[in-house]
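Hi everyone, thanks for making time this morning. I'd like to walk you through one model, so please have the viewer open and follow along as I go.

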Amino acid sequence: MPARLRRWRQDQAGKWWAELSLYAPAGAVRQLGGEDYAGVPREPAAEPEPEYLLVSLVRDHPRKELVVHERDCFTLGKDRWRYTIQTIDAGMARTMLARFDDTVPCQICKPDP
């Protein structure tokens with residue numbers, strides 16, 4: 001089971017001990033007799049940050065246009081081989097749309113990072 005080393009502690013006899021945070025699936029944890037776990041805080045998983053796709057159509061002419069899509073935009077489904085696709089986070093999507101004239105949002109999925 002993975003554990004995170006929090007610190008080293010030395011006891012009175014001079015022996016060193018590792019203080020760990022141990023990560024185990026909930027099903028592997030057994031309650032100790034006499035212990036009340038009702039007050040143990042729970043930390044739900046953070047909402048994953050949305051991902052976007054930065055897409056460049058493979059073209060023969062020099063004008064290059066980049067298009068920002070929602071990750072599940074259906075317009076990319078059938079002809080993916082014709083595109084160069086990079087996964088980007090919301091911050092990068094905002095930056096690309098705000099600062100670069102050759103980057104536009106998809107007119108179908110209308111991403112709003």
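**Strand 3 and its neighbours**

Let me begin with a pairing: strand 3 and strand 5 run antiparallel and are joined by 7 bridges. If you want one pair to click on, take Ser56, whose bridge partner in strand 5 is Thr84. Strand 3 also pairs with strand 4, again antiparallel, through 5 bridges. Here you can pick Leu54, which has Val68 as its bridge partner in strand 4.

So how enclosed is strand 3 by the rest of the structure? Of its 7 residues, 5 are buried, so strand 3 is largely enclosed.

Before going further, a word on what we are looking at. This is a predicted model. The mean pLDDT over the protein chain is 86, and 88% of the residues reach at least 70. Which element has the lowest mean pLDDT, and which the highest? The lowest is strand 5, residues 83-89, at 85, while helix 1, residues 90-99, has the highest at 93. As a general caution, predicted coordinates should not be read in detail where pLDDT is low.

Now the overall layout. The protein chain has 1 helix and 6 strands, and along the sequence the order is β-β-β-β-β-α-β. There are 113 residues in the chain, and 17% of them count as buried. The chain exposes about 9600 Å², with carbon and sulfur atoms supplying 52% of that area. As for contacts between residues at least 6 apart in sequence, 47% join residues at least 24 apart.

Let's go to the start of the chain. Strand 1, residues 3-10, and strand 2, residues 16-22, run antiparallel and share 7 bridges. Ala3 sits opposite Leu22 of strand 2. The hairpin of these two strands has 5 residues between them, and Gly14 there adopts a positive phi near 95 degrees.

Next, the interior. Which residues make up the largest nonpolar core? There are 8 of them: Tyr52, Leu54, Leu66, Val68, Ile88, Ala90, Ala93 and Met96. Strand 3, strand 4 and helix 1 each contribute at least two residues to this core, and the largest share, 3 residues, is from helix 1.

Ala93 is a good residue to centre on. Beyond its neighbours within four places in sequence, Ala93 contacts Tyr52, Val68, Ile88 and Pro113. Compare Met92, which is also found in helix 1. Is Met92 buried, partly exposed or exposed? Met92 is partly exposed, because its relative accessible area is 41%. Its C-alpha lies 8.9 Å from that of Pro113, with their positions 21 residues apart in sequence.

Now please move to Thr103, which lies in strand 6. Thr103 counts as buried because its relative accessibility is 5%. Setting aside residues up to four places away in sequence, Thr103 touches Leu54, Leu66, Val68, Met96 and Leu97. You will recognise some of those names, as Leu54, Leu66, Val68 and Met96 belong to the core we just listed.

A little further on is Pro111, in the segment after strand 6, which spans 103-105. At 9% relative accessibility, Pro111 is buried too. What does Pro111 touch, not counting residues up to four places away in sequence? The answer is Tyr52, Val68, His69, Glu70, Pro105 and Cys106. There is also a long step in sequence here: Pro111 and Cys73 are 38 residues apart along the chain, yet their C-alpha atoms are separated by 9.3 Å.

That brings us to the cysteines, my last stop. How many disulfides does the model have? The count is 0. Cys106 is in none, and the nearest cysteine sulfur, in Cys109, is 3.7 Å away. Why no bond between these two? With a cut-off of 2.5 Å for a disulfide, a separation of 3.7 Å between the sulfurs of Cys109 and Cys106 is too far. Their surroundings can be compared as well: Cys106 is buried, with a relative accessible area of 5%, whereas Cys109 is partly exposed at 21%.

To recap the route: we began at strand 3, which is largely enclosed by the rest of the structure, passed through the core of 8 residues, and ended at a cysteine pair that forms no disulfide. Thanks for listening, and I'm happy to go back to any of these views.

How values were computed
Residues are numbered from 1 along each chain as its sequence is written. This is a predicted model: local features need pLDDT of at least 70, side-chain atom pairs count only at pLDDT 80 or more; totals for chains, interfaces and linings use all residues. Side-chain values use heavy atoms; hydrogens and water are left out. Buried means under 20% relative accessible area, exposed over 50%, partly exposed in between (1.4 Å probe, protein chains only). pLDDT is the predictor's confidence in each residue, from 0 to 100. Helices (H or I, at least four residues) and strands (E, at least two) are DSSP runs, numbered from the N terminus. Contact means heavy atoms within 4.5 Å. Accessible areas come from the Shrake-Rupley method with a 1.4 Å probe; for residues, only the protein chains shown count as cover. A nonpolar core is a set of buried Ala, Val, Leu, Ile, Met, Phe, Trp, Tyr and Cys residues joined through side-chain atoms within 4.5 Å. Two strands pair if DSSP finds at least two bridges between them.
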